[in-house]
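Me: I'm new to this one and would like to know how the labels people put on it are earned. Can we go through them together?

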Amino acid sequence: MRVVLQRVKEARVSVEGQCVGAVGQGYLVLLGAGEEDTKEIADRMIDKICKLRIFQDENGKTNLSLADVGGQILVVSQFTLYADCKKGNRPSFIKAGSPDKARGLYEHAIERCRLYADKVEHGVFGAYMEVELVNDGPFTLMLDSAQL
């Protein structure tokens, strides 16, 4: 599982011009599922990102977790995180999970996020989406479950 995690002041996702999910301070999680991923891997990934201490405390140090700041989470499916650009100029997505598998893991990850935040919003799996955000910092991390 691969995640691009962005600490945000606010974020929203729209489909066909209609907002389908929006959050205030917290995380924008761009999530890609690979063919080898499982629910256990998704749990480990979500637990890790939700426990990260990347919010600033009163001294400006990144010591606070999502729960410490009452943060919210917006999860957006992003199969392109599995792009392989080694050969040619057209990315290959062969390592991305099949749509059925990826959808199940995406929905499972959203539910797991609800253990950590009172407000969890999400995009529409497989849809063309527009994502807007105000990146806080900017503070952006890339996580790969193979490296956790």
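Reply: Sure, here is a run of questions and answers on cores, salt bridges, rings and the chain end. Keep in mind that this is a predicted model.

Me: Let's start inside. What makes the largest nonpolar core, and which residues have the most contacts inside it?

Reply: A nonpolar core is a set of buried nonpolar residues joined through side-chain atoms within 4.5 Å. The largest such set here has 28 residues, and Leu5, Tyr27, Val29, Leu31 and Ile73 have the most contacts inside it. Strand 1 (2-15), strand 3 (26-32) and strand 6 (72-77) each supply at least two of its residues, and so do helix 1 (39-51) and helix 2 (99-113). There is another core apart from it, with 11 residues, among them Val8, Val23, Leu28 and Leu30. As a general background, nonpolar side chains in soluble globular proteins tend to be buried together.

Me: What does Tyr27 touch, leaving out residues up to four places away in sequence?

Reply: Quite a list: Leu5, Gln6, Val8, Ile49, Cys50, Leu52, Ile54, Phe55, Leu66, Gln72, Ile73 and Leu74. Contact here means heavy atoms within 4.5 Å.

Me: On to charges. Why is the pair of Arg7 and Asp136 called a salt bridge?

Reply: The cut-off is 4 Å between a side-chain nitrogen of Lys or Arg and a carboxyl oxygen of Asp or Glu. For Arg7 and Asp136 the N to O distance is 3.4 Å, so the pair qualifies. It's one of 6 salt bridges found by this rule. The two residues come from distant parts of the chain: Arg7 is in strand 1, Asp136 is in strand 8 (residues 130-144), and they are 129 residues apart.

Me: How do you know whether Arg7 and Asp136 are buried or exposed?

Reply: Buried means under 20% relative accessible area. Arg7 has 4%, so it is buried. Asp136 has 17%, so Asp136 counts as buried too.

Me: What makes Asp43, Asp47 and Arg112 a network?

Reply: Arg112 has a salt bridge with each of the two Asp residues, and that links the three. With Asp43 the N to O distance is 3.6 Å, and with Asp47 it is 2.8 Å. Both values are within the 4 Å limit, so both pairs count. Asp47 lies in helix 1 and Arg112 in helix 2, so their pair ties together parts that are 65 residues apart in sequence.

Me: Why does Arg112 get another burial label than Asp43 and Asp47?

Reply: The line between buried and partly exposed is at 20%. Asp43 has 18% relative accessibility and counts as buried, and Asp47 has 16% and counts as buried. Arg112 has 23%, so it counts as partly exposed.

Me: Now the rings. Why is the pair of Phe79 and Phe93 called edge-to-face?

Reply: Two values matter: ring centres must lie within 6.5 Å, and planes over 60 degrees apart count as edge-to-face. Phe79 and Phe93 have centres 5.0 Å apart and planes at 65°, so the label fits. Both residues sit in the loop between strand 6 and helix 2, 14 residues apart. Phe93, at 32% relative accessibility, counts as partly exposed.

Me: And why is the pair of Tyr106 and Phe125 called tilted?

Reply: Their centres are 5.8 Å apart and their planes are at 45°, so the pair is tilted. Planes under 30 degrees apart would count as stacked. Tyr106 is buried, with a relative accessible area of 3%. A search of the whole structure finds 3 aromatic pairs.

Me: How do you know that Arg2 sits over the face of Tyr82?

Reply: Arg2 lies at 4.2 Å from the ring centre, and the distance limit is 6 Å. Arg2 also has a side-chain polar contact of 3.0 Å with Asp144, a residue of strand 8.

Me: Last one: what makes the link between Ser145 and Met1 a polar contact?

Reply: The limit for the N or O atoms is 3.5 Å, and the side chain of Ser145 reaches the backbone nitrogen of Met1 at 2.6 Å. Ser145 is in the segment after strand 8 and is buried, with a relative accessible area of 7%.

How values were computed: Residues are numbered from 1 along each chain as its sequence is written. This is a predicted model: local features need pLDDT of at least 70, side-chain atom pairs count only at pLDDT 80 or more; totals for chains, interfaces and linings use all residues. Side-chain values use heavy atoms; hydrogens and water are left out. Buried means under 20% relative accessible area, exposed over 50%, partly exposed in between (1.4 Å probe, protein chains only). Helices (H or I, at least four residues) and strands (E, at least two) are DSSP runs, numbered from the N terminus. A polar contact is a pair of N or O atoms within 3.5 Å; within protein, one must be able to donate a hydrogen and the other to accept it, and residues adjacent in sequence count only if both atoms are side-chain atoms. Rings of Phe, Tyr and Trp (its six-membered ring) pair if their centres lie within 6.5 Å; planes under 30 degrees apart count as stacked, over 60 as edge-to-face and the rest as tilted. A charge sits over a ring if NZ of Lys or CZ of Arg is within 6 Å of the ring centre and within 35 degrees of the ring normal.
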